[in-house]
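Let's take a walk through this protein model together. Keep the sequence and the 3D view open while you read.

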Amino acid sequence: LELAAHGYDIAGVATSLTSGIEDTKREVEAHGQRFLPVVADVGALDEHGRITDEVMTAFGRIDVLVNNAGVAPKVRLDILDTTDESFDRLIDINLRGPFFLTQRVTAQMIKQTEAAAGYAPKIVFITSISSNVASTNRAEYCISKAGLSMAAQTYAVRLAEYGINVYEIRPGMTDTDMIDSYSAAVREGAAKNTTLGRLGQPRDIADVVAFLASGAEPRQ
């Protein structure tokens, strides 16, 4: 929504056409921008070509890729009890999928930079403070985010010659449905450990993404 407010058409990838996607479509269109819902699983590599093709058919170009797909373990387990099923699920969605989707989208972005002088697409990875802070009861999440942080760094180095800037945002605990099961004590403790004295809000991240994409100051 923040990108739409700054003039971007949006393609949103989700595993199903949920009410949330439909609500987002309406709100993006209220900003005067187009919204393309793409039903696909980012963790399924064989669907990446279709994702890119649908976006290119609809819009003809890709200016910004935001890698914000992410899931937590269905059940938090001590690292000594973590299952291979949970590990594979988080690696597929949080790391493997975004890594290879970026590879696919990058190929298109490079073509665009070669066709138009001064064209500078952007890539943003949403990782986590868990990239460098260990949680022993969700080790697979931390590992997936640490890997994604390195993916952002290596893509940044590789794509520099094309003028494609790559950014990483590492949010702390953010007030989304991912933390619905957290107790009030855990939430309060996390808030007290921040300089602002509160949990992060989705708008905080959105403002940074919009700034990195367009250079625009946050809207009031």
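Start with Gln 112, which sits in helix H4 (residues 84-115). Helices here are DSSP runs of H or I with at least four residues, strands are runs of E with at least two, and both are numbered from the N terminus. This is a predicted model, so to speak of local features pLDDT must be at least 70, side-chain atom pairs count only at pLDDT 80 or more, and totals for chains, interfaces and linings use all residues. Residues are numbered from 1 along each chain as its sequence is written, and side-chain values use heavy atoms, with hydrogens and water left out.

Is Gln 112 buried or exposed? Its relative accessibility is 9%, so Gln 112 counts as buried. Buried means under 20% relative accessible area, exposed means over 50%, and partly exposed is in between (1.4 Å probe, protein chains only). Leaving aside neighbours within four places in sequence, Gln 112 is in contact with Met 56, Arg 61, Ile 62 and Tyr 119. Contact here means heavy atoms within 4.5 Å.

**The three-stranded sheet**

Now find the open sheet, where three strands line up in the order S3-S4-S5 with parallel pairing. Two strands count as paired if DSSP finds at least two bridges between them. Strands S3 (64-67) and S5 (165-169) are at the edges with a single partner strand each, so one side of each has no neighbour in the sheet. On average, neighbouring strands of this sheet are turned by 15° against each other, direction ignored.

Strand S4 (residues 122-126) is joined to S5 by five bridges, and the two run parallel. Which residue of S5 is the bridge partner of Phe 125? That is Glu 168.

Two helices pack on this sheet. H4 touches S3 and S4, and its direction makes about 180° with that of S3. Helix H5 (residues 139-159) touches S4 and S5, and its direction makes about 165° with that of S4. For these angles, axes are lines fitted to C-alpha atoms (for helices, over the stretch in contact), and values run from 0 to 180 degrees between N-to-C directions.

**Helices by length**

The expected span of a helix is 1.5 Å times one less than its number of residues. Here is how that works out for some helices:

| Helix | Number of residues | Expected span | C-alpha end to end |
|---|---|---|---|
| H2 (residues 19-30) | 12 residues | 16 Å | 17 Å |
| H3 (residues 48-59) | 12 residues | 16 Å | 17 Å |
| H5 | 21 residues | 30 Å | 30 Å |

Glycines follow some of these helices. H2 is followed by Gly 32, with a positive phi near 85°, and H3 is followed by Gly 60, with a positive phi near 80°.

**Two sides of H3**

In H3, the buried residues are His 48, Gly 49, Ile 51, Thr 52, Val 55 and Phe 59. They cover an arc of only 160° around the axis, which puts them on the same side of H3. (The arc is that of the directions from the helix axis to the C-beta atoms.) An α-helix has 3.6 residues a turn, so residues three or four places apart point the same way. Asp 53 and Thr 57 are exposed, on the face of H3 turned away from its buried side. The cover over the buried residues of H3 includes strand S1 (10-14), strand S2 (35-39) and H4.

S1 has its own pattern. Ile 10, Gly 12 and Ala 14 point to one face and are buried, while Ala 11 and Val 13 point to the other and are not. S1 is joined to S2 by five bridges, with the two running parallel, and Ile 10 has Phe 35 of S2 as its bridge partner.

**The nonpolar cores**

A nonpolar core is a set of buried Ala, Val, Leu, Ile, Met, Phe, Trp, Tyr and Cys residues joined through side-chain atoms within 4.5 Å. The largest one has 24 residues, and those touching the most other members include Val 105, Met 109 and Phe 125. S2, H3, H4, S4 and H5 each supply at least two residues of this core, and H4 gives the most, with six residues. Apart from it lies another core, of 17 residues, including Val 28, Phe 35, Val 64 and Ala 210.
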